[in-house]
Amino acid sequence: LVLGFATGLNAVWVGRRRLPPRFDRSVPYLILAGLVVLVAWRFTVSRPHANQSWRPEDTGLEPGWAVLADRPEPDAVIVADHEEWLALSYLASVWRVQPRVYPQPLCQANPPGAVDRVSGVYLTRRGATADPTCLSEQHRYAAGANLIRVQAAPNQQIPAWARPVVFNVGPDLMLIGYETNRIPSVAVKSVEPRWQLSLYWRAQTPVSADYTVSVRPLQYGVPVMGGDGQPLIQDHQPVWNTYPTSRWTPGEVVRDDYVLSLPPRAVPDEAHIVVYRVVADGTGEDRFQTLGEIRLPLEP
């Protein structure tokens, strides 16, 4: 429409010599005014339909934001599933988010280590679920709600910022440290803040069974209740079900994370930890065999 109108005005401009002098002087201004009004009208009508930013249905980057909320090390490789890889690639190349990371497809092209100056390699939980064989030969350690640190050599000690403890659970396992962290709701686009408990386990000897760890936050000695009125609890095998205890080597220190949404004003001061395994031929409550329990005081 704009082009057609401009073409018509151009024809008037070319033929203006045949107009009376007073019209000849006003034609350029009329043409300019007409074009300005037409372009302004077209812009006003089209912009609401053309503007694709900040729409409620724009969720394509959320998988990437969720991964970055775990605060990976700068210059780390993150091996992710397709949606996470697309979101992280966009955030890294277009948004230039910090810390800088190198997203890579799930064990396809560009294997980890192809990037110079890599600080570490992470595998996302979604990636581990989509392809259980990806980086399966590596040692695995939880690194937040969505990230798993993978490395060739096993960890031998807890980090300096973790709180050391000593709790023996059966003859094979020892809890040697922990740390707590509150994740702001804005970091995960959630109404409720999230509470993260990181447990550091050491395998004393080779572990023959695959154990599950149950974490139940307590406040003033009673369970913290969730929004559904039930006690908050989270059970899974270590490292988000990707690194069973039977794979641990003696002396290896394994970080295992538990992330729960807390109700307002809830501040856990203790954690009830139960280590158990499922008996294949058991029935009812006999299906669960408890290895040990811990009442872990949590320092503020």
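Strands β1 and β2 run parallel and are joined by 4 bridges. Here strands are DSSP runs of E with at least two residues, helices are runs of H or I with at least four residues, and both are numbered from the N terminus. Alanine 76 has valine 101, in β2, as its bridge partner. Helix α4 packs on this sheet and touches β1, β2 and β3 (121-124), with its direction at about 150 degrees to that of β2. Contact means heavy atoms within 4.5 Å. Angles run from 0 to 180 degrees between N-to-C directions, using axes fitted to C-alpha atoms, for helices over the stretch in contact.

A quick word on the model: this is a prediction, where local features need pLDDT of at least 70 and side-chain atom pairs need pLDDT 80 or more, while totals for chains, interfaces and linings use all residues. Residues are numbered from 1 along each chain as its sequence is written, and side-chain values use heavy atoms, with hydrogens and water left out.

Back to the sheet. It is open, has 5 strands in the order β2-β1-β3-β5-β4, and its pairing is mixed; two strands pair if DSSP finds at least two bridges between them. β2 and β4 (139-142) are the edge strands, each with a single partner, so one side of each has no neighbour in the sheet. On average, neighbouring strands are turned by 30 degrees against each other, direction ignored.

Just before β2 comes a backbone detail: the peptide bond joining glutamine 98 and proline 99 is cis, with omega about 0 degrees. Proline 99 sits in the loop between α4 (82-95) and β2 (101-104).

Next, some accessibility values. Buried means under 20% relative accessible area, exposed over 50%, and partly exposed in between (1.4 Å probe, protein chains only).

| Residue | Place | Relative accessible area |
|---|---|---|
| Valine 39 | helix α2 (residues 21-50) | 46%, partly exposed |
| Arginine 71 | loop between α3 (62-68) and β1 (76-79) | 55%, exposed |
| Tryptophan 240 | helix α7 (residues 238-241) | 9%, buried |
| Threonine 245 | loop between α7 and β12 (253-261) | 1%, buried |

Arginine 71 has a positive phi near 55 degrees without being a glycine. Tryptophan 240, also not a glycine, has a positive phi of about 55 degrees.

What does threonine 245 touch, leaving out residues up to four places away in sequence? Its contacts are Val207, Ala209, Asp210, Tyr211 and Pro238. A polar atom of the threonine 245 side chain lies 3.1 Å from the backbone nitrogen of tyrosine 211.

Finally, the C-alpha atoms of valine 39 and valine 2 are separated by 7.2 Å, although the two are 37 residues apart along the chain.

Note on methods. A polar contact is a pair of N or O atoms within 3.5 Å; within protein, one must be able to donate a hydrogen and the other to accept it, and residues adjacent in sequence count only if both atoms are side-chain atoms.
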